[in-house]
Amino acid sequence: MTGVNWSNMSDLSELPQAANTTTGGTFWVGMLYMVWVILMLTLSGYGLEAALLIASFASMIIGILLAYADLVAWGHVLFFVAVMLFMFLYIMYTNSRK
């Protein structure tokens, strides 16, 4: 594990990247998935489908911002897109059977 050399930072935009450097690139990825899990648990009272869709959409928006800042890889954002696509297909399938 490496430490952060604070004297090499020239502006505040390098501060979020320092967290990733220290943790081997897992800090912001972990934060993104924790937001998803917390939203899922918070919204579970509205049903599993709604909780998955809302939590995945919110995490996708946050993930896009983090990906443009080069803090997470695009593959992590695509995970939330895949979950939303699966839930859309699942909801359409279950509603067509009624």
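An axis here is a line fitted to the C-alpha atoms of a helix over the stretch in contact, and the angle between two axes runs from 0 to 180 degrees between their N-to-C directions. Keep that in mind, since helix pairs come up a lot below. What you're looking at is a predicted model. The chain has four helices and zero strands, so reading along the sequence gives you the pattern α-α-α-α.

**The chain as a whole**

- The radius of gyration of the chain is 17 Å, well over the 13 Å that the globule rule gives for 98 residues, so the chain is more spread out than a compact globule.
- Along the principal axes, the C-alpha atoms fit a box of roughly 65 × 25 × 20 Å.
- How much of the chain is buried? Buried residues come to 24% of the 98 residues.
- Take the contacts in the chain with a separation of 6 or more: residues 24 or more positions apart account for 47% of those.

**Helix 2 against helix 3**

- Packed helix pairs get described with two things, the angle between the axes and the distance between them.
- For helix 2 (residues 27-43) and helix 3, the axes come within 8 Å and cross at roughly 155°.
- Angles over 145 degrees count as roughly antiparallel, and that's why helix 2 is called roughly antiparallel to helix 3.
- This crossing of helix 2 and helix 3 is right-handed.
- On the helix 2 side, the residues that meet helix 3 include Trp 28, Leu 32, Val 35 and Trp 36.
- Across from them, helix 3 brings in residues including Ala 51, Leu 52, Ile 54 and Ala 55.
- Sorted by class, this contact has 14 nonpolar, three polar and no charged residues.

**Helix 3 against helix 4**

- The axes of helix 3 and helix 4 come within 8 Å, and they cross at roughly 155°.
- That makes helix 3 roughly antiparallel to helix 4.
- Which hand does the crossing of helix 3 and helix 4 have? It's left-handed.
- Helix 3 meets helix 4 through residues including Glu 49, Leu 53, Phe 57, Met 60 and Tyr 68.
- Among the helix 4 residues on the other side are Trp 74, Val 77, Phe 80, Met 84 and Ile 91.
- By class, the contact of helix 3 with helix 4 has 17 nonpolar, three polar and one charged residues.

**The loop between helix 3 and helix 4**

- Asp 70 sits in the loop between helix 3 (48-68) and helix 4 (74-96).
- Is Asp 70 buried or exposed? Its relative accessibility is 61%, so Asp 70 counts as exposed.
- Most residues other than glycine have a negative phi.
- Asp 70 goes the other way: its phi is near 60°, a positive value in a residue other than glycine.
- Val 72 has its place in the loop between helix 3 and helix 4 too.
- Val 72 has a relative accessible area of 8%, which means Val 72 is buried.
- Who does Val 72 touch, leaving aside its neighbours within four places in sequence? The contacts are Trp 28, Val 29, Gly 63, Leu 66 and Ala 67.
- Val 72 and Asn 20 are 52 residues apart along the chain, yet their C-alpha atoms are separated by 9.1 Å.

**Two partly exposed residues**

- Val 4 lies in the segment before helix 1 (15-23).
- With 28% relative accessibility, Val 4 counts as partly exposed.
- Skip the neighbours within four places in sequence, and Val 4 is in contact with Met 9, Ala 18 and Thr 22.
- The C-alpha atoms of Val 4 and Thr 23 are separated by 10 Å, with the two residues 19 apart along the chain.
- Over in helix 2 you'll find Met 31.
- Met 31 comes in at 34% relative accessibility, so Met 31 counts as partly exposed.
- Met 31 and Gly 63 are 32 residues apart along the chain, and their C-alpha atoms are separated by 10.0 Å.

Conventions. Residues are numbered from 1 along each chain as its sequence is written. This is a predicted model: local features need pLDDT of at least 70, side-chain atom pairs count only at pLDDT 80 or more; totals for chains, interfaces and linings use all residues. Side-chain values use heavy atoms; hydrogens and water are left out. Buried means under 20% relative accessible area, exposed over 50%, partly exposed in between (1.4 Å probe, protein chains only). Angles under 35 degrees count as roughly parallel, over 145 as roughly antiparallel, 65 to 115 as roughly perpendicular and the rest as oblique. A crossing is left-handed if the near helix is turned anticlockwise from the far one by less than a right angle, and right-handed if clockwise. Contact means heavy atoms within 4.5 Å. Ala, Val, Leu, Ile, Met, Phe, Trp, Tyr, Cys and Pro count as nonpolar, Asp, Glu, Lys and Arg as charged, and the others, Gly among them, as polar. The radius of gyration is taken over C-alpha atoms; the globule rule is 2.2 Å times the number of residues to the power 0.38.
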